[in-house]
Amino acid sequence: MEAKDTRHNVLKLVRLGIDARNEYMVFMRKDCPVCVSEGFEALNRIKVSNGNKTIVASLIVWDNKAHLNHDQLGLSDAAIEALETKEGDLLSLSHLDALDSMSDVRKKIYGHRLNQTEFDRIIGDIVNRNLSNIQLSAFLASSTGDSLNQEEVISLTKSMINVGFKLDWGSGKVYDKHCIGGLPGNRTTPLVVSIVAAAGLTIPKTSSRAITSPAGTADTMEVVTNVNLTTGQMKNVVEQEGGCLAWGGSVQLSPADDILIRVEKALDIDSEGQMIASVLSKKAAAGSTDVVIDIPVGPTAKVRSKETAEQLSEKMVAVGKAIGLNIEIILTNGAQPVGRGIGPALEAQDVLSVLRNEENAPNDLRERAVILAGRLLEMGGKALEGKGSQLAMKILESGDGYKKFISICEAQGFFREPEVAPRKHKIRSAVRGIVSEIDNRRLAKVAKMAGAPSVMTAGILLLTPLGTQVEENDTLFEIHAESQGELEYALSYLKTQKEIIKINES
């Protein structure tokens, strides 16, 4: 005879097949005896245990009797994986004690300063998935604008470094570059890594996926190669090639950042203090010693004025110094997208065009990458001060940059050519004149509504950069989409917009 389970608050697991991304969720019927006896209510944070493994999950009260019985519970897929459980297992439930970290978050909401210990508690609970997305949103909202001072940003950065894995490359210098974003198509990283690694410097590049943009570097690189490297695989690639182009989330560097990024993406916000902590925690965790940071400045870029850019530069350099990073800032033109492609596959095509020295390769992307790579070559002693760009261009034009890029891709698993979207729609000029303004943000939104970055081939091909003379009916840009529905969705947005690309009539 089967022994009866005598534990209290025990329910049997039913797999519901629900993907809740980074948040663990538990589903119970409202007339479930455990739910009733414990006074559990919707959105309560509940401890769910399977033997010695415990997670904290948000309660969703389930009223569909066809899927759950009184003695059953459901879990989101990520929660099932974390508990290492399977359908039919008996799981225990209990109340979650009040979290000290939420007291810290409330303190920040009311405008008070947080210390290192308080940030450590918050970040620790984020990594352990003890905070719901609602609670994470409260923390992010409390940190927007200028609500984090320099000391707080340093503390936050240190907390984010300390909870994750740190790479150690020995005693030598390790180089890196980063762009703070906000400029569509600015895919210089694959070019910079290829040039710098070809010159003999070590540049283990980990990149993020898109937060609010149509593509991040990891999204673009995933078009042509494997970016989901383990730390061991990443080390092997760097030992072999001197550099890599991996997704930071796969190697668990600053894991709190990856969780926060998902919530920031849903909220469509970027906090300056969070951004600095995000960027620099990953650079430090990746073992970097010397970093060049690109800050595009323009009326519709993330940073709108030179004054704001200089203030941000000072903060980043100061925070970098506090955590042991040597940082140099380069301010670049953010008035328009870089290259022609906006979206993973289209941006990958631009990168390959530059690396292959094709005649029609986007010159602005080439020049920007050469400047950034050149500065790293100077920092690494490969070129004299002011001569780095010349060496970077020589490496590119010789084909050594392309060879290194292909070698890195193959070391990461494979290289493949970018695919092309089956559906394209030309947006034409209604007048004759000269292109005088391009709204980066709204152009990026069109690319996202067409499916980027989740659909690799989706996005925009920009054919008329600033200063282009256009005739009536000339194509300004093309929308690329996989499905007719996504194409129509992007077109419906365009119908509500005026002058995403402004033309001075002539």
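This is a short talk on helices, strands and charged pairs in one predicted model.

First, the ground rules. Residues are numbered from 1 along each chain as its sequence is written, and side-chain values use heavy atoms, with hydrogens and water left out. Because this is a predicted model, local features need pLDDT of at least 70 and side-chain atom pairs count only at pLDDT 80 or more, while totals for chains, interfaces and linings use all residues.

Let's start with a helix. Helices here are DSSP runs of H or I with at least four residues, strands are runs of E with at least two, and both are numbered from the N terminus. Look at α8, residues 217-224. Are its residues buried or exposed? Buried means under 20% relative accessible area, exposed means over 50%, and partly exposed lies in between, with a 1.4 Å probe and protein chains only. Eight of the eight residues of α8 are buried, so this helix is largely enclosed by the rest of the structure. The run begins with T217, A218 and D219 and ends with V223 and V224. What do these buried residues pack against? They pack against α7 (189-198), β8 (203-207), β9 (243-247), α13 (344-355) and α16 (400-411). Contact, by the way, means heavy atoms within 4.5 Å.

Next, a strand. β2 covers residues 25-29, and five of its five residues are buried. In a regular strand the side chains alternate between the two faces of the sheet. For β2, M25, F27 and R29 are on one side, V26 and M28 are on the other, and all are buried. Which strands does β2 pair with? Two strands pair if DSSP finds at least two bridges between them. β2 runs parallel to β4 (residues 53-62), with five bridges. There, F27 stands opposite I60. β2 also pairs with β5 (residues 72-75), this time antiparallel, over two bridges. V26 faces L75 in that pairing.

Now an open sheet. Four strands line up in the order β12-β15-β17-β13, with antiparallel pairing. β12 (341-342) and β13 (423-428) stand at the edges with a single partner strand each, so one side of each has no neighbour in the sheet. The pairing of β13 with β17 (residues 475-481) is antiparallel and has six bridges. Helix α18 (residues 484-494) packs on this sheet and touches β13 and β17. Its direction makes about 140° with that of β17. Axes are lines fitted to C-alpha atoms, for helices over the stretch in contact, and angles run from 0 to 180 degrees between N-to-C directions.

On to charges. Side chains of opposite charge can pair when their charged atoms come close. How many salt bridges does the structure hold? It holds 26. A salt bridge is a side-chain nitrogen of Lys or Arg within 4 Å of a carboxyl oxygen of Asp or Glu.

Here are three of them. D104 and R121 meet at 2.9 Å, N to O. D104 is in α3 (residues 100-109) and R121 is in α4 (residues 116-127), so the pair ties together parts 17 residues apart in sequence. D104 counts as buried at 4% relative accessibility, while R121 is partly exposed at 32%.

K108 and E152 also meet at 2.9 Å, N to O. K108 is in α3 and E152 is in α6 (residues 150-162), 44 residues apart. Both are buried.

E378 and R375 meet at 2.7 Å, N to O. Both lie in α14 (residues 363-379), three residues apart, about one turn of the helix. Salt bridges that share partners join E328, R375, E378 and E385 into one network.

One more charged residue: D294, in strand β10 (residues 290-297). D294 is buried, yet has no salt bridge. The nearest side chain of opposite charge, R368, is 4.2 Å away. Lys and Arg count as positive, Asp and Glu as negative, and His and the chain ends are not counted. What does the D294 side chain make a polar contact with? The side chain of T332, at 2.5 Å. A polar contact is a pair of N or O atoms within 3.5 Å; within protein, one must be able to donate a hydrogen and the other to accept it, and residues adjacent in sequence count only if both atoms are side-chain atoms.

That's the tour. Thanks.
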